[in-house]
Number of protein chains: 2
Amino acid sequence: MLRLPRTIEWVDGRVRLINQLKLPHELEYVETSDWRRVAEAIRRMEIRGAPAIGVAAAFAMALAAVHSRAGSLEEALRELEECARILKSTRPTAVNLPWAVDRVLRAARAAADVEELREMVVRAALEVQRMDEECNRRIGELGEQLIDDGDTVMTICNAGSLATSYYGTATAPIYLAHERGKRVRVIALETRPYLQGARLTAWELKQAGIEVKVVTDNAMGIVMEREGVNLVIVGADRVTRRGYVANKVGTYPLALVAREHGVPFYVAAPTSSFDLSIEGPGEIPIEVRPSEEVVYIYGRRIAPEGVEAIYYAFDVTPPKLITGIITERGIFYPPYEKSIRRLLSAA
Amino acid sequence: MLRLPRTIEWVDGRVRLINQLKLPHELEYVETSDWRRVAEAIRRMEIRGAPAIGVAAAFAMALAAVHSRAGSLEEALRELEECARILKSTRPTAVNLPWAVDRVLRAARAAADVEELREMVVRAALEVQRMDEECNRRIGELGEQLIDDGDTVMTICNAGSLATSYYGTATAPIYLAHERGKRVRVIALETRPYLQGARLTAWELKQAGIEVKVVTDNAMGIVMEREGVNLVIVGADRVTRRGYVANKVGTYPLALVAREHGVPFYVAAPTSSFDLSIEGPGEIPIEVRPSEEVVYIYGRRIAPEGVEAIYYAFDVTPPKLITGIITERGIFYPPYEKSIRRLLSAA
């Protein structure tokens, strides 16, 4: 069994989540019965990763319902709607968050009285978590078949258990391979500027007892050449209908390097990350974040005063560089336009 | 005229060099008459950059000769040979260091007595510096013709004035273009782990009044795509007979990205960086440095305890990705085996 602390849990009317800002130095939890504190945790990025904040928002709704003092169903619903509005405003870009909140809200609206509302909301929130975990486990089962005993897998950022309720997306095949007794070594790109690879991916893999090494992002070429990398697996923030993948900045050059070395390059993502309303790369909005997040490290300026950074937080990898996309419904192969359409419509 | 402080100078039997570890925050100098302190400065990377450490090593030899208490020519030569041995052990990859040291040693061996040895060694060391500056100016004159008014040039690490005695190699075309009134914008990859791009390249370009932006190394793909990069120019630590280029880690993926986007990728290097005894990529020794240099930033660990980094300080870019190599003797174009042989033998 996997030895990994749970990213977020529902414990007897309370929510317990790992404060990821303290990693990798301390494993510290936030435990609260106050839904506002969970909203705060999302806002402060104590919990991050699109699927994980979806679960956190669902649990926040459950806290609001369970601890509500509303005397009537109407009042309880009004409270939950207000709670939903605030939760949705915490991180406006993640699509999983409004999706999870709305799902819980729908459950609440089906209740006949306050007591039933509480039950249905908690059940719906736990269902959001369970679905996420099942998706990832399925991605892991499909993806682990791509990993041979003794393989070295390279990844970027943290599409790990910490970014989800469990298993992660890019890490799920690694965890499943490990569970099934395969020896796997992981090379994690540190992922500037937030260092999610060095801080989070390295931490969770180490917790699970998997060998992991960290490298700077610019080492992707020489490491691919000299360290016997067998496979690259990355996560995805958005996948378009034609198979363009928006993910953490650095994914695209990593895919170019992998192609050059004939190393298979896989994307692992639940089908909920597919945006079928979008075709090509130009339609994906790429978040441009403040220069300060690059030019300051631990409060120290790395560039001279007056010199600013350009900070694109994501890049887009074209389908021609992607060997396959591992989803809970199967592995998609090129041509993606066809395979995505076929598999999603069959579901 | 260019407004740039001197990287390293010989001042009346002393060596004065910019402590580059203090940049961009402070312009602080190391000034010493002890050759061992200069060796230490090379080892600690207070001075770095292949041509600059060549000059520093030559100056260290000069300090050793000038301050030697040797009673005989034989003894003085033995001291210098020991000094040369230690200097060569400070940094393994750049070829300029042993080249400069051997050049000074040859001058010493031609001396008839200790007094002449001192004179000849100092003269040879100053000659190394003068040649370097002249080389770079010539590289600049040739390379600036590749830059059009309004161009955006991308570079990695610091193959700048700070990496040489003046002008730099990759930056020389930029400085010359600027001197000649062309508007140039530079995008500097920050270059983890030592951040020479953010700290040094951004600093010296700003000193010279050239517009510069910093980006994380992993942003090379999206920045090439969205920022209208017209040209990439990088330095070189070693160029083989067949045109393989060892340079700061990250150069190779940058070359892959440039090719993908049809952006010309130039290497700027003096012919002293050419190692004609070596053919292919496998023969270039790639310096592997301690994990700590990656996993600590400003004294803080970025990866969990027990997780180490793999740190290759250089990578190798194959000739097929290189548009041209700008040297003081002309711009070499493919096939490099031919053009390098022809140009070097004509000299």
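Setting aside neighbours within four places in sequence, A:Leu254 is in contact (heavy atoms within 4.5 Å) with A:Met154, A:Ile156, A:Leu189, A:Met220, A:Met224, A:Val232, A:Val234 and A:Phe265. This is a predicted model, so to speak of local features takes a pLDDT of at least 70 and side-chain atom pairs count only at pLDDT 80 or more, while totals for chains, interfaces and linings use all residues. Residues are numbered from 1 along each chain as its sequence is written, chains are lettered from A and ligands numbered from 1 in the order in which they are written, and side-chain values use heavy atoms, with hydrogens and water left out.

A:Leu254 also turns up in the largest nonpolar core, a set of 171 residues in which A:Met154, A:Val232, A:Leu254, B:Met154, B:Val232 and B:Leu254 touch the most other members. A nonpolar core here is a set of buried Ala, Val, Leu, Ile, Met, Phe, Trp, Tyr and Cys residues joined through side-chain atoms within 4.5 Å; buried means under 20% relative accessible area, exposed over 50%, and partly exposed in between (1.4 Å probe, protein chains only). Another core, of 48 residues, lies apart from the largest one and includes B:Trp10, B:Val15, B:Leu87 and B:Leu105.

As for the two chains, a turn of 175° and a shift of 0.5 Å along the axis lay chain B on chain A with an RMSD of 1.5 Å (least squares on the C-alpha atoms of residues with pLDDT of at least 70 in both). The copies are thus related as by a two-fold rotation axis. They meet through the same surface, because 100% of the interface residues of chain B are also interface residues in chain A.
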